[in-house]
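Me: Hi! Could you walk me through this structure?

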Amino acid sequence: MPRQAVMQSFSLDYTSDFSRTSTTSDVSLPQWKSSFSSQERMVSTDECTATRTPFAMIDLFARHNAWTAFISDVEPLPNTANRLLNPGQGYYVELSLDLPESLANQQAGIFGIIVELYSSRNKTMLAAARISTRLPHESSWVGVIRKISILPALVVGALEESRTVYVSPFRHFTESKEHPLQFVSIFISGRDAEVEINKSVIRIVEELNKFQEHLKEWHYSCFMAGTLSFILFYGILWKVFLIMKECLFRVAFQMQEPPCDLDLDDQDFVDASSDYQHHQPGPVQPNGTDDDEDLGSQHDLPRSWPPMDDSDRFSEDSWEDIGNGNAPSSS
């Protein structure tokens, strides 16, 4: 961001009967009386038809501009004694004027702003600029909608019914080594009506580069583009977070499963047909109970059993006896 060298608020004087065609010595500010008594305003009488011209005299070195000190003890120390700007550096001067939405400002239409820059040495005039502006125009229904949207803030006094106008009378102003800038004079010239201004601020900022100037001139478009870029960036970041979370959950779930380690030899697997033949039910004890020793001895059976003879098989009558709880009959 460019460095802001000066930012001072000032008030326009509406009380003095000061015509734009008179000299500055007529201004009732003693500290400016000797400074600008020899500076005649080079403006014709048709530039300002109003008898009262709002004006302001700003000392950039001073900490105050709204009052005049008649005793040096009551005056605060200045901001600097030599210069505020860097020699050879380009700057732009910007004025922000707070215009109330009054009938007088609406009738004033376009008004002129005359800005003059003076040096701290011999009060030499460095530059002068004339620029025109006006209260921003808006239709009646747009004004009603805008005021309804900010109605609570207007009711409690947080906002005022005013519009801010920004003007840049100087661009690419270069600070002089021999004549540092110190004084700024501002005159408001309205043709049809007196312009009402609540607050005013002057800013002197280092000149912008191409990129910064683009951001300043297209601030709404850049704001929308930047907002959409941030939304897209954080959306992608959130999607990546969800994917990583799912991957970590799967890894943690697999680590919690008990290992299934069946260390079996190939000889432990028996053909299904031989398993059916070899595991036929054996003889049952007469009392109908199984012998634990016979059950336990099944683990000691040989791997391959000899084929069964037909004499060893039970007949259907034997199976019926077994089902009735009797001893099998011999075939």
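Reply: Sure! One term to start: contact means heavy atoms within 4.5 Å. This is a predicted model, where local features need pLDDT of at least 70, side-chain atom pairs count only at pLDDT 80 or more, and totals for chains, interfaces and linings use all residues. Residues are numbered from 1 along each chain as its sequence is written, and side-chain values use heavy atoms, leaving out hydrogens and water.

Me: Cool. What is isoleucine 186 in contact with, leaving aside neighbours within four places in sequence?

Reply: Its contacts are Phe10, Pro54, Phe55, Ala56, Ile58, Leu95, Ile113, Ile114 and Val115.

Me: And which residues touch the most other members of the largest nonpolar core?

Reply: Ile113 and Ile186 do, out of 32 residues. Such a core is a set of buried Ala, Val, Leu, Ile, Met, Phe, Trp, Tyr and Cys residues joined through side-chain atoms within 4.5 Å. Buried means under 20% relative accessible area (1.4 Å probe, protein chains only).

Me: Which strand gives the largest share?

Reply: S3, with five residues. Strands here are DSSP runs of E, at least two residues, numbered from the N terminus.

Me: New topic: why is S8 largely enclosed?

Reply: Seven of its eight residues are buried, so the rest of the structure largely encloses S8.

Me: How many bridges join S1 to S8?

Reply: Six, and the two strands run antiparallel. Phenylalanine 10 sits opposite serine 200 of S8. S3 also pairs with S8 in the antiparallel sense, over eight bridges; pairing takes at least two bridges found by DSSP. There, valine 93 has isoleucine 204 of S8 as its bridge partner.

Conventions: Buried < 20%, exposed > 50% of the residue type's maximum accessible area, 1.4 Å probe, protein only. Helix = DSSP H or I, 4+ residues; strand = E, 2+ residues; numbered from the N terminus.
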